[in-house]
Amino acid sequence: PKIAMDVVVLENKHLSDDVKELIVYAPDIAKQAMPGQFVHLKVIKSEPLLRRPISIASVDEAKGTLSLIYRIVGKGTAAIADLKAENQVNCLGPLGHGFDLTCKRPLLIGGGMGIAPLIFLAQRLCPATTSILMGGRNKAELFWQKRYEGLVNEIFITTDDGSLGVKGFTVTLLPELLKTKQYDRIFVCGPEIMMAGVAKIAQSHGVACQVSLEKHMACGLGACLSCTCESKDGSKRKKVCKDGPVFWAQEVF
Ligand code: FES
């Protein structure tokens, strides 16, 4: 059984206007965590009392720390944003099923906040053969390159407004990348419409694709059914928190 425990905040700093990185000391979770998994955070003594699922952006096993990168979007994440060093926060995890790492030439594709959990994934893949394609609305949203230094071989960038990289969406650039490079796996995390588009292109090029879904969650443990999604492979509805959040694209798109 998963145990919720109070962990100590080491740092909680802004990465951009509305995105912050929370670093907590949680050696047991850091040891067990796999890329694609998440934790369920509850700010002690806060309203609302609901937990917030946050994907694990990276771990430092030697230091016993977890990095959790989140966008401040409402009351729950605003309460997390108020945490200071030495505060405690209740942390349940690691939860869910992560990515399947059995591939040789992976292409990571991240949109917006979906770029965060791919850092942890890149940490567990071979830098010489891993590439990332990241997309965002504009240059200000794409502050992630430094985090990927040393973790990937190539970085491709698209922005909706053309302020950085290629103007357009990740799916604009993807067909050309698949034609010229020999990827054997795509891992995608981002807005659902983008993941559906990537899944379709991957399928038409015969490249296996894993997607990481995001849904509102209550329990995070497979008990409340608040996070289910339709399955496309003939099986019953899937629980994103427990069966996912990572799925093979054909299971859900
Ligand atoms: Fe309760 Fe998924 S959040 S079943």
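**Notebook: helix packing, domains and backbone checks**

I began with the helix pair α5 and α6, and found that α5 (residues 170–180) and α6 (residues 192–204) pack with an angle of about 20 degrees between them, their axes lying 10 Å apart. Since angles under 35 degrees count as roughly parallel, I entered α5 as roughly parallel to α6. I note here that this is a predicted model, so every value in these entries is computed from it.

I then looked up the handedness of the pair, and recorded that the crossing in which α5 passes α6 is right-handed. Which residues meet where α5 and α6 pack? On the α5 side I listed Thr-170, Val-171, Leu-174, Pro-175 and Leu-178, and on the α6 side Met-194, Gly-197, Val-198 and Ile-201. Sorting the residues of this contact by character, I obtained seven nonpolar and two polar, with no charged residue.

Next entry: the domains. I took the division of the protein chain as domain 1, covering 4–95, and domain 2, covering 106–252. Their centres, taken over C-alpha atoms, are separated by 21 Å. For the contact between them I noted 18 residues from domain 1 and 17 residues from domain 2.

I went further into the side of domain 1 that touches domain 2, and asked which strands each supply at least two residues to it. They are β3 (38–42), β4 (52–60), β5 (65–71) and β6 (88–95). Of these I marked β4, which gives the largest share of that side, six residues. By character, the residues of this side of domain 1 came out as eleven nonpolar, five polar and two charged.

For the chain as a whole I wrote down seven helices and 15 strands. The radius of gyration is 18 Å, close to the 18 Å that the globule rule gives for 253 residues, and I therefore entered the protein chain as being as compact as a globular protein of that length. Taken along the principal axes, the box that the C-alpha atoms fill is roughly 50 × 40 × 35 Å.

Last, I went through the backbone for particular torsions. Where are the cis peptide bonds that I recorded? One runs from Gly-93 to Pro-94, with omega near 0 degrees, and its proline, Pro-94, is found in strand β6, a strand I had already listed on the side of domain 1 that touches domain 2. Another joins Gly-244 and Pro-245, with omega about 10 degrees, and I placed Pro-245 in the loop between β14 (238–239) and β15 (246–248).

I also noted Glu-86, a residue other than glycine whose phi is positive, near 80 degrees. I located Glu-86 in the loop between α2 (75–81) and β6.

Definitions and conventions:
Residues are numbered from 1 along each chain as its sequence is written. This is a predicted model: local features need pLDDT of at least 70, side-chain atom pairs count only at pLDDT 80 or more; totals for chains, interfaces and linings use all residues. Axes are lines fitted to C-alpha atoms, for helices over the stretch in contact, and angles run from 0 to 180 degrees between N-to-C directions. Helices (H or I, at least four residues) and strands (E, at least two) are DSSP runs, numbered from the N terminus. Angles under 35 degrees count as roughly parallel, over 145 as roughly antiparallel, 65 to 115 as roughly perpendicular and the rest as oblique. A crossing is left-handed if the near helix is turned anticlockwise from the far one by less than a right angle, and right-handed if clockwise. Two residues are in contact if their C-beta atoms, placed from the backbone, lie within 7 Å. Ala, Val, Leu, Ile, Met, Phe, Trp, Tyr, Cys and Pro count as nonpolar, Asp, Glu, Lys and Arg as charged, and the others, Gly among them, as polar. Domain bounds come from an automatic or database domain assignment. The radius of gyration is taken over C-alpha atoms; the globule rule is 2.2 Å times the number of residues to the power 0.38.
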